[in-house]
Amino acid sequence: MAYETLIVETRDHVGLVKLNRPEALNALNQKLLGELICALRKFDEDDAIRCIVLTGSEKAFAAGADIKEMSEKSYVEVFREDLFTAFHDDFLRIRKPIVAAVAGYALGGGCELAMMCDFIIAGDNARFGQPEINLGVIPGIGGTQRLTRFVGKSKAMDMNLTGRFMDAAEAERSGLVSRVVPADKLLDEALSVAAKIAEKPLLAAIAAKEAVNRAYETTLAEGVRHERRLFHALFATEDQAEGMAAFLEKRAPQFRGR
Ligand code: HXC
């Protein structure tokens with residue numbers, strides 16, 4: 001399918017989605033958000049795909065929600081259309097792992113989008129920020145909530161109140177990103193990490209994603225109970241039998257995603 005605002009490719013078992021509105025630094029307009037959900041859903045439903053990489057350009061992952069589009073809306077309109085809620089909820093329903101590969105600006109909704117992915121690999125030129133306050137608003141898809149959980153209250157307050165940007169080194173130090181790589185190697189690195197995930201048994205990967213994300217939504221005791229249910233459930237999969245048998249037989253496992 002041809003998209004107006006995305007470039008979508010597959011690399012073996014990895015689905016790659018590149019945000020592609022270079023004229024607006026990949027600002028997130030409604031067209032892009034709709035196409036993004038569509039592309040992610042297709043990969044989620046495709047048995048051949050086991051991990052997804054979401055990226056932008058070397059200059060910008062995404063410079064935020066599209067300010068021009070937003071500026072024309074009234075309170076009544078954003079309230080009635082429940083602006084960004086459907087996108088947020090639909091994105092979180094994607095069950096396969098999504099790796100964000102962030103180079104350049106990840107600001108406002110762009111930073112929030114990166115944080116909604118399962119983890120972030122940053123190019124060394126990445127800049128993260130929640131500058132919404134400069135526009136008279138605050139983040140609308142998790143920038144006050146996820147950022148606070150990821151980097152702690154002090155840095156989250158600093159970023160949300162001053163609108164300052166965090167560079168890649170600070171983002172790694174603060175736990176916002178899992179690794180930093182040279183910007184010109186970012187996509188290769190992210191694809192190679194995703195290829196590694198794609199070798200894993202898919203049901204265990206989906207369960208791991210679900211369980212880690214649960215840690216941000218519930219108490220420790222509930223989270224551990226949820227983890228244990230998923231752990232037990234994986235004993236019903238062929239890949240569990242195969243993984244353990246392969247270990248004991250000292251051979252490589254042949255996972256089939258069942
Ligand atoms: C619409 C945008 C945009 C945005 C950049 N552009 N960001 N258009 N929405 N968020 C457009 C510019 O208007 C310009 O178009 C072109 O992209 C290049 O941008 P420049 O500003 O000329 O580039 P540069 O000088 O390199 O500065 C880069 C920048 C700056 C620092 C990233 O563009 C910037 O501050 N952008 C806004 C960042 C921001 O405030 N984001 C938060 C948005 S609110 P023209 O046509 O002039 O060439 C938000 C709310 C989230 O995200 C709510 C939930 C989703």
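"Which atom of the ligand does a backbone N or O atom of Ile-67 lie 2.9 Å from? A nitrogen atom, it turns out. Keep in mind as we go that this is a predicted model.

Okay, so let's stay with the ligand for a minute. Ala-63 does something along those lines too: one of its backbone N or O atoms sits 2.9 Å from a nitrogen of the ligand. Then there's Gly-109, where a polar backbone atom is 2.8 Å from a ligand oxygen. As for cover, on its own the ligand has 1,000 Å² of accessible area, and the protein covers 63% of that.

Who's doing the surrounding? Two or more residues of the shell come from each of α2, residues 67–71, β6, residues 105–107, and α5, residues 109–116. In total, 22 residues surround the ligand, and Lys-59 and Ala-65 are among the closest. If you like to think in side-chain classes, that shell breaks down into 13 nonpolar, five charged and four polar residues.

Right, moving on to helix α4, which runs over residues 85–92. The buried residues there are Phe-87, His-88, Asp-90 and Phe-91. Their cover includes α5, along with helices α1 (30–45) and α6 (146–151) and strands β3 (51–55) and β5 (98–102).

Last bit, the domains. The assignment splits the protein chain into domain 1, residues 6–199, and domain 2, residues 202–249. Their C-alpha centres are 26 Å apart. Where the two are in contact, domain 1 puts in nine residues and domain 2 puts in seven.

That's what I have, so over to you."

How values were computed:
Residues numbered from 1 in each chain as written. Predicted model: local features only at pLDDT ≥ 70, side-chain atom pairs only at ≥ 80, totals over all residues. Heavy atoms only, no water. Near = heavy atom within 4 Å. Polar contact = N/O pair within 3.5 Å; in protein donor to acceptor, adjacent residues only side chain to side chain. Areas by Shrake-Rupley, 256 points an atom, 1.4 Å probe, with all protein chains shown as cover. Helix = DSSP H or I, 4+ residues; strand = E, 2+ residues; numbered from the N terminus. Nonpolar A, V, L, I, M, F, W, Y, C, P; charged D, E, K, R; others polar. Buried < 20%, exposed > 50% of the residue type's maximum accessible area, 1.4 Å probe, protein only. Contact = heavy atoms within 4.5 Å. Domains from an automatic or database assignment.
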